[in-house]
Amino acid sequence: MVQAQDSLRLSLRQADSLFLRNNLSLLAERFRIVASQASIIQARLWDNPTLSVEANAFNPDKRRVLDVAQGGEKIISIEQILVTAGKRSKQVALATESAHMTEYEFMDLLRVLKFELRNNFFDIYFLQNTLNRYQLQISNLQSTVTAFESQYEKNNVSLRELLRLKALLFQLNNDKTEILFQIAEKEKVLKILLNLDSPLIPIVNEAELNRYQLNDYNAPALGQLALQNRGDVKVTESLTRQAELNYKLQKSLATPNLRIGATYDQSGSYVNNYTGLTLAADLPFFNKNQGNIKVARSLIDYQKGLQNQKVNVVTNEVAAAFQKVQYVENMVQSIDSKFSEQFEQLNKGVVENFQKRNLTLLEFIDLIETYSESIKELNRLKADRVGAYEELNFTVGQELFR
C-alpha cells in the first residue's frame, strides 16, 4: 500500500529560507551573473598578435621544393594591433555596466518571486482556516441530516424539511470542494517556488501579523524609496548608462587602430636577410562610423524616455498599493472586534437549538449559510489585508514590516 506523504509544516521564515536555497529560477539566474562577469574579463584582453610565414614553394634555379635553406627564400612577419582612443577601457566600462544590469535583473526576479511566495503562503493559510470551519459545519450538519432521516422514516418530519437540509449539506460540500481546488492550485505554485514535492502546511502566528502597520509611512516617501531600491528601476537606469557608454565607444571607433609589426625577408629584398618594421592604419576617408554614432546617440534619448516612463509607473504603483492598504485597514477597523467571537458563540448553539425545535428550519438554514459565508469573507479579508501590505513591500522593493 502506498503511504501518503507527510505534510511539511512551514513558518514564513522557513519558507523564505527554503526559497532562497531551492528556487530553480534564482539558481539559474546566478549563472547569468557569473557569465556577465566573465564578459568583463574578455573585454580587458588584448588582441592576439598575428604571425605569418611565407616560404619558397619551388626554387626553379636549384629545382628544390620548399627551399628555405641558405640561398632559398622565406619571409616571416609579426603584427600587433594597438587599440587607440581608449576603446578597450570603454568596452570594459560597457561590459561592467552590463554585468551590473544582470545583478539588477536578479534583484527584480527575487522581488517578483518573493511576492508570489508570500501571497500564496498567506492565501493557503487563510483558505485552510475557512476549510476547517466548513468541515466542522459539514460534520455537524451531516449528523443533523442523519437524525432527520431517522425521524422522516417515523413520519415525524416532512420530506420537504429533509430535502432542504440535504440541499444545504450539498451546498456546503460544493463550497468546500471549491476551497480545496483553490488550495491545490496555490499549493502547486508554492511547491514550484520552493522546489519541493511534499504537501505544505503554512504555519502563522496571527499575533505576529500586527507588524503590518502603516505607522508614519506616506506614499511620496515610499515612492522615492522604491526608485532607490527596485531592481527594474535600476535596470532602466543601467540601460541608459549603457547607451551613453556605447555612444562614447562608437565615437572612439571612428579613430583607426594602429597595426605595428616586423618583417624578416631571407633573400627577396634588395639585400639578403632583410629586417624591417611596419606601421599601418586605416585612413578614415569614407567610413567614420557615422551611422553607428547616430544610432547610439538616438538610443540615449530612447532609453531616457523609457527611464522617465518607469519612474512614472513605479510612483503610481506605490501610490495605488498604499491606497489599497488604507482601504483594507478601514474595512478591518469597521468590523466590531467582538463580531467573530459573538458569531462563534451563536453558531455553537444553532444545531442543538434546531434539534430541540427552538429554531425553525428557515432560521436554522439562514444562520448556517450566514455563518459559513461570514467565515469565508472574514478569512478573505484577513488574507486581503496581509496581501495589501505585501503588495506595498513588492512595489517599494523593500521589506517594510518586520
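Which residues do ring pairs link into a cluster? The legends below walk through this predicted model, and the ring cluster comes up in the opening view.

**View 1. A cluster of aromatic rings.** Here is the reply to the opening question: Phe121, Phe122, Tyr212, Tyr217, Tyr389 and Phe401 are joined by ring pairs into a cluster. The model has eight aromatic pairs by the rule used here. Among them is the pair of Phe121 and Phe122, which is edge-to-face, with 85° between the planes and 5.5 Å from centre to centre. Both partners are tucked away, as Phe121 is buried and Phe122 is buried too.

**View 2. Tyr212 and Phe401, a tilted pair.** A pair of aromatic rings is described by the angle of the planes and the distance of the centres. For Tyr212 and Phe401, the planes meet at 50° and the centres are 5.9 Å apart, so this pair is tilted. Where do the two partners lie? Tyr212 belongs to the loop between β6 (200-203) and α5 (219-229), while Phe401 is in the segment after α10, so their pairing ties together parts that are 189 residues apart in sequence. Tyr212 has a relative accessible area of 0% and is buried. Phe401 is buried as well, with a relative accessible area of 2%.

**View 3. Arg385 and its contacts.** Let us turn to helix α10 (residues 361-396), the home of Arg385. Is Arg385 buried or exposed? Its relative accessibility is 10%, and because buried means under 20%, Arg385 counts as buried. Setting aside neighbours within four places in sequence, Arg385 is in contact with Leu209, Tyr212, Gln213, Val328, Glu329 and Val332. One of these contacts, Tyr212, will be familiar from the ring cluster.

**View 4. Charges over rings.** Two side chains are worth a look here. The charged end of Arg88 is placed over the ring of Trp46, at 4.7 Å from the ring centre. Likewise, the charged end of Lys234 sits over the ring of Tyr104, and here the distance from the centre is 5.9 Å.

**View 5. Asp16 in helix α1.** Helix α1 spans residues 12-22 and contains Asp16. With a relative accessible area of 14%, Asp16 is buried. Which residues does Asp16 touch, not counting those up to four places away in sequence? They are Lys114, Leu117 and Arg118.

**View 6. A nonpolar patch on the surface.** Leu51, Val53, Ile76 and Ile78 make a nonpolar surface patch of about 370 Å². The elements giving two or more residues to this patch are β2 (50-55) and β5 (74-82). Take Ile78 as an example: this residue is found in strand β5. Ile78 has a relative accessible area of 42%, so it is partly exposed, which here covers values from 20% to 50%.

**View 7. Gln307 in helix α7.** Our last stop is Gln307, placed in helix α7 (residues 290-334). Gln307 is partly exposed, and its relative accessible area is 21%. How many residues apart in sequence are Gln307 and Val235? The two are 72 residues apart in sequence, and in space they are 9.0 Å apart, C-alpha to C-alpha. Leaving out residues up to four places away in sequence, Gln307 touches Thr236, Glu237 and Thr240.

How values were computed:
Residues numbered from 1 in each chain as written. Predicted model: local features only at pLDDT ≥ 70, side-chain atom pairs only at ≥ 80, totals over all residues. Heavy atoms only, no water. Helix = DSSP H or I, 4+ residues; strand = E, 2+ residues; numbered from the N terminus. Buried < 20%, exposed > 50% of the residue type's maximum accessible area, 1.4 Å probe, protein only. Contact = heavy atoms within 4.5 Å. Phe/Tyr/Trp six-rings, centres within 6.5 Å; stacked < 30°, edge-to-face > 60°. Lys NZ or Arg CZ within 6 Å of the ring centre and 35° of its normal. Patch = residues over 30% accessible without salt bridge, like charges linked within 9 Å, V, L, I, M, F, W, Y side chains within 5 Å. Areas by Shrake-Rupley, 256 points an atom, 1.4 Å probe, with all protein chains shown as cover. Salt bridge = Lys/Arg side-chain N within 4 Å of Asp/Glu carboxyl O.
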